[in-house]
Amino acid sequence: MASEPRVICLGEILFDLLASQRGKSREAVESWIAYPGGAPANVACSLVKLGTPSAFIGCVGEDKAGDELVELLESTGVNIQGVQRKADLPTRKVYVLRDEEGDREFAGFGEKSPDQFADAYLEADQLPLELFQSADFLVLGTLELAYPETRKAVFQALDLAEKFDLKVVLDVNWRPMFWQDPTEAEPLIKQLWQRIDFLKLSTEEAQWLFNTTHAGVISYRLDSIEGVLVTGGTEDVSYCLNEHESQVPIFPVEVEDTTGAGDAFVAGFVHQLCQRKLSDLSSPEVAQEIVTYACAVGALTTMKSGAIASQPTAEEVKAFLAKHS
């Protein structure tokens with residue numbers, strides 16, 4: 001088990017059932033390949049592979065899928081002290097379609113409604129206090145706001161982060177199908193703005209929540225935030241870190257599967273923050289280097305299938321950056 005995690009990742013861990021055939025509708029897909037995923041779990045695993053100790057907090061069923069996911073976290077080196085289990089609820093599985101280019105589209109949960117899975121019932125009073133006492137960062141998504149029980153756990157984690165002075169990184173990771181009523185999402189997500197230090201959005205999320213894809217504009221509007229990153233698939237990454245605004249072009253690579261690329265980007269970013277002092281962000285050159293590093297981690301992840309299986313090591317990122325410098 002990893003000792004003294006510097007980063008806590010809270011949220012869902014699940015299986016992505018990836019369509020074996022590209023460019024087909026869900027009904028036409030002949031077979032599915034199960035890959036471990038879930039954004040916060042992806043980030044936790046990616047951090048460990050890059051060399052930053054991490055912990056995962058989330059909930060899975062007491063079933064074979066849950067056992068496999070917990071074993072994966074443990075074998076990767078992620079601290080699993082915060083993993084809860086539910087005997088009466090299954091571990092979540094998500095169907096994922098792929099187009100001819102490898103880009104994905106989520107296609108639901110089979111016969112079950114979104115709230116009929118273990119990760120919707122993470123208990124706030126079971127969060128391990130000692131993880132928060134030793135960590136430096138808390139990484140969150142917004143999917144768990146969809147469920148009243150886990151929502152309490154999110155706000156409890158934010159209270160603990162405030163108490164023990166952790167920096168909070170939010171990756172919006174908007175997925176309407178996780179919500180029984182998607183109209184509830186926007187006001188709940190906006191409650192988080194005053195509780196976070198760094199915000200990562202896709203271009204679609206930025207447009208939806210702020211009506212702009214410009215990181216500097218978003219940072220100015222939020223005022224209290226230390227950094228905003230906006231990623232857009234094949235588009236340049238727009239960022240504003242410590243009031244330094246710029247863009248970083250993405251690396252041209254042969255894409256196999258984009259699942260987990262944004263999570264790998266977040267991991268690369270947080271890993272760099274852990275490697276350096278936060279005061280280093282006052283340098284525009286360092287800010288550019290950090291975002292470029294995050295882009296490299298994201299790019300490498302798209303070159304193989306599966307969100308976790310495809311994650312690079314620090315050595316692979318270093319070699320990739322040297323080759324593309």
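This is a short talk on the sheets, one helix, a few single residues and the cysteines of a predicted model.

Hi everyone, and thanks for coming. Some ground rules to begin. Residues are numbered from 1 along each chain as its sequence is written, and side-chain values use heavy atoms, with hydrogens and water left out. Since the model is predicted, local features need pLDDT of at least 70 and side-chain atom pairs count only at pLDDT 80 or more, while totals for chains, interfaces and linings use all residues.

Let's start with the sheets. When I say helix or strand, I mean a DSSP run, numbered from the N terminus: H or I with at least four residues for a helix, E with at least two for a strand. Two strands pair if DSSP finds at least two bridges between them.

In one open sheet, 4 strands come in the order E3-E2-E6-E7, with mixed pairing. Which strands are at the edges? They are E3 (32-37) and E7, each of which pairs on one side only. From one strand to the next, the twist averages 35°. For angles, axes are lines fitted to C-alpha atoms, for helices over the stretch in contact, and the angles run from 0 to 180 degrees between N-to-C directions.

Now look at E6, residues 93-98, which runs parallel to E2, residues 14-19, with 4 bridges joining them. Phe 15 has Lys 93 as its bridge partner in E6, and Asp 16 stands opposite Val 94. E6 is also joined to E7, residues 104-106, by 3 bridges, and that pair is antiparallel. There, Leu 97 stands opposite Glu 105. A handy thing to remember: in a regular strand, side chains alternate between the two faces of the sheet.

Helix H2, residues 64-76, lies across E2, E3 and E6, and runs at about 100° to E2.

On to the other sheet. Here 9 strands form an open sheet in the order E5-E4-E1-E8-E9-E10-E11-E12-E13, again with mixed pairing. Its edge strands are E5 (79-86) and E13, each pairing on one side only. Neighbouring strands are turned by 15° against each other on average, direction ignored. Helix H1, residues 39-50, packs on this sheet, where it touches E1 (7-10), E4 (54-61) and E8 (137-140), and its direction makes about 145° with that of E4. Further along, E11 and E12 pair in the antiparallel sense over 5 bridges, and Leu 229 stands opposite Tyr 239 in E12.

Next, helix H7. Which of its residues are buried? Ala 215, Gly 216, Ile 218, Ser 219 and Leu 222. Buried means under 20% relative accessible area, exposed means over 50%, and partly exposed is in between, using a 1.4 Å probe and protein chains only. These residues are on the same side of H7 because they cover an arc of only 160° around the axis; the arc is that of the directions from the helix axis to the C-beta atoms. They pack against H6 and against strands E10 (198-202), E11 (227-232), E12 (235-241) and E13 (244-248). Contact, by the way, means heavy atoms within 4.5 Å. Just after H7, Asp 223 takes a positive phi of about 65°.

In the loop between H6 (203-210) and H7 (215-222) you'll find Thr 212. Buried or exposed? At 14% relative accessibility, Thr 212 counts as buried. A polar atom of its side chain lies 3.1 Å from the backbone nitrogen of His 214. Not counting residues up to four places away in sequence, Thr 212 touches Ala 206, Gln 207, Val 217, Ile 218 and Arg 221.

Another loop, between E7 and H3 (129-134), holds Asp 119. This residue is buried, with a relative accessible area of 2%. Its side chain makes a polar contact of 2.8 Å with the side chain of Arg 92. A polar contact is a pair of N or O atoms within 3.5 Å; within protein, one must be able to donate a hydrogen and the other to accept it, and residues adjacent in sequence count only if both atoms are side-chain atoms. Leaving aside neighbours within four places in sequence, the contacts of Asp 119 include Glu 12, Cys 59 and Tyr 147.

Cys 59 brings us to the last topic. How many disulfides are found in the whole structure? The search finds 0, where a disulfide is a pair of cysteine sulfur atoms within 2.5 Å. Why is Cys 59 not bonded to Cys 9? Because their sulfurs are 17 Å apart, too far for a bond, and Cys 9 has the closest cysteine sulfur. Cys 240 is in no disulfide either, as the nearest cysteine sulfur, in Cys 295, is 16 Å away. Both are buried: Cys 59 has a relative accessible area of 2%, and Cys 240 has 4%.

That's my tour. Thanks for listening!
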